[in-house]
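This report concerns the pockets and one helix pair of a protein model. Please consult the sequence and the structure alongside the text.

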Amino acid sequence: MSIECINLALSNRCNAACIWCPSSRGTKHNFDMPVHVVKKIIDEAADPSFPFNINMIHLSENGEALYHSEFLEIVRYIKQKLPNTALNLLTNFGLMTSELAESLLTEKLLSSIQVNIDGHDAATYKSVKKIGYDGVIKNLKKFINLRTQLDPLFDISINVMPAFEYAMSVNAFLNTPPVQMTEDIPFSSYELTVESLREFVPIDIPILHSKAGLWAERKLITSGKAQINVDQSTLNCPLLDRVERECFIAPNGDWYPCCYDDNNDIVLGNVVTSTLLEIHNSETRQTFISRLKARQYEEIGYPCNTIACCNSITIKNYKELTSHYKPGDVFPLTQLKK
């Protein structure tokens, strides 16, 4: 398999503390990727002798990339060296200043941006992300206005997963509330959030309904506080194709399997001491992929031994169960416990 996408953790720090994002994420490497490491990766990918065509570089793997003080320098360097490669950014917009937005749009440095707005008002948004709503919305409005002026076709999309839906989904699967929820849950929904956003978000900007997962709940499983009532040996890795075709690189240069390995517990190589090609072809990586395909999750160990937590979860009758809730209602967290 070829490498088609490079996911860079330019920073694994984050100003938010989302309820579905593991608290362990980034604690092993709580810093930014040195510029010389970024340039080494990009120089190798741009070398004419490199056998693979990199279609996409994702700049915000497991962290808020805008924390990096040299973010613009990095993006400009990538654009110069790999002008035909798409550059994608996922950001919560808390750090998206008008000056940064203008540079990104004027210089056409990015191909696309995604942002999560996970509630229809300040209370429901904060119940997910633990950061202020007003500042984020202010920054998003400014970006959209600049987009209209500078690059009307720029690809931006919004993702939505309210705390209420997430909590109900986790509880339905594990019979326990989400591990990082400590307060009662204000009601919100995808539909309410879309309605509030459409007051200023043009119709050509998609607002997508995210799916709930169990990424942050792994430690409930490994600690024995919750159980997965499914035979994991029957499950395929939902990200196998990405594991085979993409590389995920931590700030210190460690290549780890995928975005669900939140604290880089599995290391396949390091791009500081080895080349991308050497790691791609290494016995360590090939053995890992073979075990993944064979569903040898216990042999691989954590986090793959909780492979069920990598899958999306849905409640089939969710709308029926929540049809009587309205804005302003609060669901007591204690009602979700066993």
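Helices (H or I, at least four residues) and strands (E, at least two) are DSSP runs, numbered from the N terminus. The model is predicted, so local features need pLDDT of at least 70 and side-chain atom pairs count only at pLDDT 80 or more, whereas totals for chains, interfaces and linings use all residues. Residues are numbered from 1 along each chain as its sequence is written, and side-chain values use heavy atoms, without hydrogens and water.

A pocket is an open set of points on a 1 Å grid over the protein atoms alone, where a 1.4 Å probe fits, with protein on both sides within 12 Å along at least five of seven lines; lining residues have an atom within 4 Å of a point. Volume is the space filled by probe spheres set on the points, which are joined across faces, edges and corners.

| Pocket | Volume | Lining |
|---|---|---|
| Largest | about 1400 Å³ | 44 residues |
| Second largest | about 360 Å³ | 20 residues |

W20, L90, N116, W215 and Y260 lie nearest the centre of the largest pocket. Strands β1 (5-8), β2 (56-58), β3 (86-90) and β4 (112-116) each give two or more residues to its lining.

In the second largest pocket, E165, E191, H209, Y318 and K319 lie nearest the centre. Its lining takes two or more residues from each of α6 (163-174), α7 (190-197) and α13 (318-322), and α13 provides the largest share, 3 residues.
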